[in-house]
Amino acid sequence: MAGAAASGAAVAGAPQNAKAYRETMETPIVARHQVIVAGGGPSGVIAAVAAARSGADTLLIERYSFLGGNGTAGLMTCYNGFRNQRAPETLQTVKGIPAEYIAELVRLGGVAERDNYERNFTHDVAKGDIPYTVPFDPEAAKMASLNLIRKEGVKLRLHSWVVGPMLDGARVTGVVVESKSGRQAIAADIVIDCTGDGDIAARAGAPFMSPATTGDRMPMSLMYRIGGVPAAEGAFGGIRIRDRVVRWGPGFGGDGLDVENLTRAEVETRVKLWEQIEQLRKKPGMESIALLDTPMSIGVRETRRIEGEYTLTEKEAIAGTRFPDVIAISSNPMPSYKGKRYFFQHEGFDIPYRALVPKKVEGLVLSGRCISCEQGPFQSARSMAPAMAVGHASGCAAAMAATTGVPPRKLSVKALQKLLVSQKAELRM
Ligand SMILES: Cc1cc2nc3c(=O)[nH]c(=O)nc-3n(C[C@H](O)[C@H](O)[C@H](O)COP(=O)(O)OP(=O)(O)OC[C@H]3O[C@@H](n4cnc5c(N)ncnc54)[C@H](O)[C@@H]3O)c2cc1C
């Protein structure tokens with residue numbers, strides 16, 4: 001090939017100067033499920049458990065070799081937003097399956113004894129009474145996620161990139177995956193997009209908002225974990241478990257979906273981080289700290305928000321507008337609202353079911369950080385506790401749609417709310 005190109009001869013199937021390469025392929029359908037959950041992050045794990053518990057044969061697909069999403073692969077080791085960070089914080093807004101997950105994490109010894117601010121917990125986390133934030137050990141989080149899905153009978157497929165939806169017109173009928181086994185298709189009645197970036201919805205043709213069009217973008221950050229931090233240093237500006245501290249490392253701007261920008265981000269932040277560690281070691285008492293881990297990927301905060309049947313506005317989030325089709329509540333602050341951390345003056349804002357139903361595409365439910373909302377509510381609801389609560393709802397909705405044949409757009413929201421409440425979700429009802 002290289003010889004032919006060098007000699008100037010045309011290469012079959014890839015003529016010189018061609019602007020595109022036409023791929024022709026037939027992809028084998030290797031399995032069928034009622035519900036496919038694409039993406040095994042905080043939202044995807046809870047969605048898969050909820051779908052299986054609600055009666056659907058469920059497959060969870062993840063590109064990496066373990067579960068947990070940005071909490072584990074991104075080393076972002078505190079689950080924020082179980083309740084408002086400040087008064088009024090009496091209502092725990094995230095319960096149900098996410099609370100069961102935290103209980104499993106506690107059982108595995110994976111929750112810190114003190115919070116990120118070096119305060120003792122005033123809540124009984126093990127019993128489901130969960131404070132605003134839960135600092136955790138990422139290895140325990142991988143295990144707890146696995147334990148939850150195995151217990152519920154969720155089928156799992158790791159090492160698999162979902163590269164696009166299977167489509168029948170505007171209806172998603174499954175997904176196409178790439179892995180070491182090659183390119184394969186897996187059929188489903190309903191797919192839940194838990195990729196964080198809304199990969200499936202966007203490729204199925206759903207319209208979306210993105211920082212490129214809205215002009216506002218939360219930056220990426222490279223998290224890291226160091227060991228051997230002396231007790232006297234406390235949390236050391238990060239999240240401490242025993243002598244290990246996870247810290248926020250260098251940031252990077254630009255598009256988190258552009259592979260060239262992502263490559264630059266990984267290289268530049270890693271180089272900067274190495275220099276920072278060398279500086280830290282010069283601090284008296286810190287000479288023997290070790291860089292234990294960097295994440296699988298730089299943490300990408302913000303990419304697409306898919307347009308749904310309803311787009312939750314910033315005004316509504318701040319006012320705490322109640323919606324009759326509430327399926328989850330977010331009480332997490334907006335961390336960079338007009339340059340400051342904004343704390344809601346209420347216990348949390350409602351997330352309506354319509355924000356989980358994409359425009360123009362059937363057979364698909366949205367979940368996690370790609371749901372339909374403006375940037376303000378996104379800043380809040382993208383946090384991992386509300387993302388789990390949304391996952392609980394998307395899993396129940398997908399199972400109901402798959403087992404009854406009623407499309408997600410036409411589901412009875414009352415029945416969905418009843419199911420969620422029966423699984424102990426908090427809907428203020
Ligand atoms: C730097 C940073 C700091 C943050 N700080 C906090 C914090 O302190 N507390 C907090 O609660 N939240 C924090 N967040 C937000 C939070 O981590 C994310 O918004 C949250 O994890 C979103 O959950 P998710 O399940 O929607 O997506 P993710 O956690 O991104 O999970 C998506 C999963 O899908 C997989 N996936 C993606 N695409 C594909 C594909 N095509 N095929 C197969 N698998 C795929 C990924 O590997 C991943 O496992 C932070 C985020 C960042 C980036």
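Helix α7, residues 259-280, lies across strands β10, β12 (244-252) and β13 and runs at about 130 degrees to β12. The model described here is predicted.

**The sheet beside α7**

The strands under discussion belong to an open sheet of 4 strands with the order β11-β12-β10-β13 and antiparallel pairing. At its edges are β11 (239-241) and β13 (290-293), each of which pairs on one side only. From one strand to the next, the twist averages 40 degrees. Strand β10, which covers residues 220-227, is joined to β13 by 3 bridges, and the two run antiparallel. Within this pairing, Arg225 has Asp293 of β13 as its bridge partner. In a regular strand, side chains alternate between the two faces of the sheet.

**The hairpin of β6 and β7**

Another antiparallel pair is formed by β6 and β7 (residues 171-179), which are joined by 7 bridges. Here Asp168 stands opposite Arg171 in β7. The hairpin has 2 residues between its strands, and Gly169 takes a positive phi near 65 degrees.

**The ligand shell**

Strand β6 also takes part in the surroundings of the ligand, as one of the elements that give two or more residues to the shell. Which residues are closest to the ligand? They are Gly39, Gly41, Gly69, Gly299 and Gly368, out of 38 residues that surround the ligand. The elements that give two or more residues to this shell are listed below.

| Element | Residues |
|---|---|
| α2 | 42-53 |
| β3 | 78-80 |
| β6 | 161-168 |
| α10 | 384-404 |

Sorted by class, the shell has 17 polar, 14 nonpolar and 7 charged residues.

**Backbone exceptions**

Most residues other than glycine have a negative phi, and most peptide bonds are trans. Leu75 is not a glycine, yet has a positive phi of about 55 degrees. Leu75 is found in the loop between β2 (58-61) and β3. On the other side of β3, the loop that leads to α3 (96-107) contains Pro88. The peptide bond from Ala87 to Pro88 is cis, with omega near 0 degrees.

**The chain as a whole**

How many helices and strands does the chain have? There are 11 helices and 19 strands. The radius of gyration is 22 Å, close to the 22 Å that the globule rule gives for 429 residues, so the chain is as compact as a globular protein of that length. Taken along the principal axes, the box filled by the C-alpha atoms is roughly 70 × 60 × 40 Å.

**Confidence**

The mean pLDDT of the chain is 93, and 96% of its residues reach 70 or more. Where does pLDDT stay under 50? Residues 1-10 do so, and for them the model has 6 contacts beyond four places in sequence.

Conventions
Residues are numbered from 1 along each chain as its sequence is written. This is a predicted model: local features need pLDDT of at least 70, side-chain atom pairs count only at pLDDT 80 or more; totals for chains, interfaces and linings use all residues. pLDDT is the predictor's confidence in each residue, from 0 to 100. Two residues are in contact if their C-beta atoms, placed from the backbone, lie within 7 Å. Two strands pair if DSSP finds at least two bridges between them. Axes are lines fitted to C-alpha atoms, for helices over the stretch in contact, and angles run from 0 to 180 degrees between N-to-C directions. A residue is near a molecule or strand if its C-beta atom, placed from the backbone, lies within 6 Å of it. Ala, Val, Leu, Ile, Met, Phe, Trp, Tyr, Cys and Pro count as nonpolar, Asp, Glu, Lys and Arg as charged, and the others, Gly among them, as polar. The radius of gyration is taken over C-alpha atoms; the globule rule is 2.2 Å times the number of residues to the power 0.38.
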